[in-house]
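Welcome, and please load the model in your viewer. We will walk through it one selection at a time, with a short note on what to look for at each stop.

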Amino acid sequence: EHDPYASAFEKKPDIEKILGQDEHAGLEFKSSLRFDHKAGNVNRELEKAAMKTVAAFLNSKGGYLVIGASDKRVPTGLKNDYQSLQRKDSDGFENHFTQTFNNMIGPEFRNLVKLWFHNVGGHDICTIQAAESPRPVYLKTDNGEYFYVRTGNISTSLKLSEMESYARSRWPKRTS
């Protein structure tokens with residue numbers, strides 16, 4: 001079966017080029033997927049923050065979420081994330097990402113996202129590439145469903161009334 005999004009993911013992103021840019025509408029950095037460096041333990045809120053960014057990219061023009069680099073673009077690596085997983089490597093990381101993504105965003109959108117792993121100065125870094133979604137994506141959390149878009153270099157939750165007009169302009173030909 002032909003995947004219309006496959007072509008978007010043909011070329012591995014240039015991590016050096018990405019690390020040379022500031023955060024913008026299509027780029028965000030997070031030092032970890034789930035390990036809270038300040039608290040020294042796993043923090044589910046970090047996973048939610050990552051999924052919020054991915055959902056916003058899907059609802060906007062797509063983008064790259066780089067995990068394992070601080071917002072100052074310094075490689076911190078994925079070692080602490082790896083250690084918090086059953087499989088302590090990039091495969092375990094991708095499996096955990098997929099599980100979290102499927103729970104919070106939905107498996108039907110997983111083909112719109114690709115994970116790339118890079119080694120920068122001895123640190124593993126993951127670039128999560130999100131394509132533009134053909135329909136609205138909602139982030140499901142314990143306390144409801146949210147609709148995020150990128151506004152400049154941040155992910156913003158839209159109110160129901162704002163979402164309606166955004167969706168109409170973003171997906172004009174949509175029938176459902």
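In which sense do strand 1 and strand 4 pair, and over how many bridges? They pair in the parallel sense, over four bridges. Helices (H or I, at least four residues) and strands (E, at least two) are DSSP runs, numbered from the N terminus, and two strands pair if DSSP finds at least two bridges between them.

Before moving on, a word on the model: residues are numbered from 1 along each chain as its sequence is written, and this is a predicted model, in which local features need pLDDT of at least 70 and side-chain atom pairs count only at pLDDT 80 or more, while totals for chains, interfaces and linings use all residues. Side-chain values use heavy atoms, with hydrogens and water left out.

**Stop 1: the open sheet**

Keep strand 1 and strand 4 on screen and pick K30, whose bridge partner in strand 4 is I67. Now add the rest of the sheet: four strands form an open sheet in the order 1-4-6-5, with mixed pairing. Strand 1 (27-30) and strand 5 (113-120) stand at the edges with a single partner strand each, so one side of each is left without a neighbour in the sheet. Neighbouring strands here are turned by 20° against each other on average, direction ignored. Axes are lines fitted to C-alpha atoms, for helices over the stretch in contact, and angles run from 0 to 180 degrees between N-to-C directions.

Next, select residues 90-104. This is helix 4, which lies across strand 4, strand 5 and strand 6 (123-130) and runs at about 150° to strand 5.

While strand 5 is displayed, look at W116: K114 lies over the face of its ring, at 4.7 Å from the ring centre. A charge sits over a ring if NZ of Lys or CZ of Arg is within 6 Å of the ring centre and within 35 degrees of the ring normal.

**Stop 2: the nonpolar cores**

Show side chains for V54, L58, F93, F101, I105, V113 and I128. Of the 33 residues in the largest nonpolar core, these touch the most other members. A nonpolar core is a set of buried Ala, Val, Leu, Ile, Met, Phe, Trp, Tyr and Cys residues joined through side-chain atoms within 4.5 Å; buried means under 20% relative accessible area, exposed over 50%, and partly exposed in between (1.4 Å probe, protein chains only).

Which element gives the most to this core? Helix 2 does, with seven residues. Helix 2, strand 4, helix 4, strand 5 and strand 6 each supply at least two.

Centre on F93: leaving aside neighbours within four places in sequence, its contacts (heavy atoms within 4.5 Å) include L33, I67, Y82, F117 and C126. A second, separate core of nine residues includes L27, V66, A69 and I125.

**Stop 3: two buried residues and a loop**

Select T53 in helix 2 (residues 44-59). T53 is buried, with a relative accessible area of 1%. Not counting residues up to four places away in sequence, T53 touches E28, K30, L65, R150 and S155.

Then go to R110, in the loop between helix 4 and strand 5. Is R110 buried or exposed? R110 is buried, at 15% relative accessible area. Beyond its neighbours within four places in sequence, R110 is in contact with E94, F97, T98, F101, N102 and L115.

For a backbone check, pick R73, in the loop between strand 4 (63-67) and helix 3 (79-83). Phi of R73 is near 70°, a positive value in a residue other than glycine. R73 is partly exposed, with a relative accessible area of 26%.

**Stop 4: the hairpin**

Select residues 148-157. Strand 9 (residues 148-151) and strand 10 (residues 154-157) run antiparallel and are joined by four bridges. Y148 stands opposite S157, and T151 has I154 as its bridge partner. Two residues lie between the strands of this hairpin, and G152 in the turn has a positive phi of about 60°.

**Stop 5: the aromatic cluster**

Finish with Y138, F147, Y166 and W171, which ring pairs link into a cluster. Rings of Phe, Tyr and Trp (its six-membered ring) pair if their centres lie within 6.5 Å; planes under 30 degrees apart count as stacked, over 60 as edge-to-face and the rest as tilted. The structure holds eight aromatic pairs. F147 and Y166 form an edge-to-face pair, 5.8 Å centre to centre with 65° between the planes. This pair links distant parts of the chain, 19 residues apart: F147 is in the loop between strand 8 (144-146) and strand 9, and Y166 is in helix 5 (residues 160-170). The rings of Y166 and W171 have centres 6.2 Å apart and planes at 80°, so this pair is edge-to-face. F147 is buried at 2% relative accessible area, and W171 is buried at 6%.
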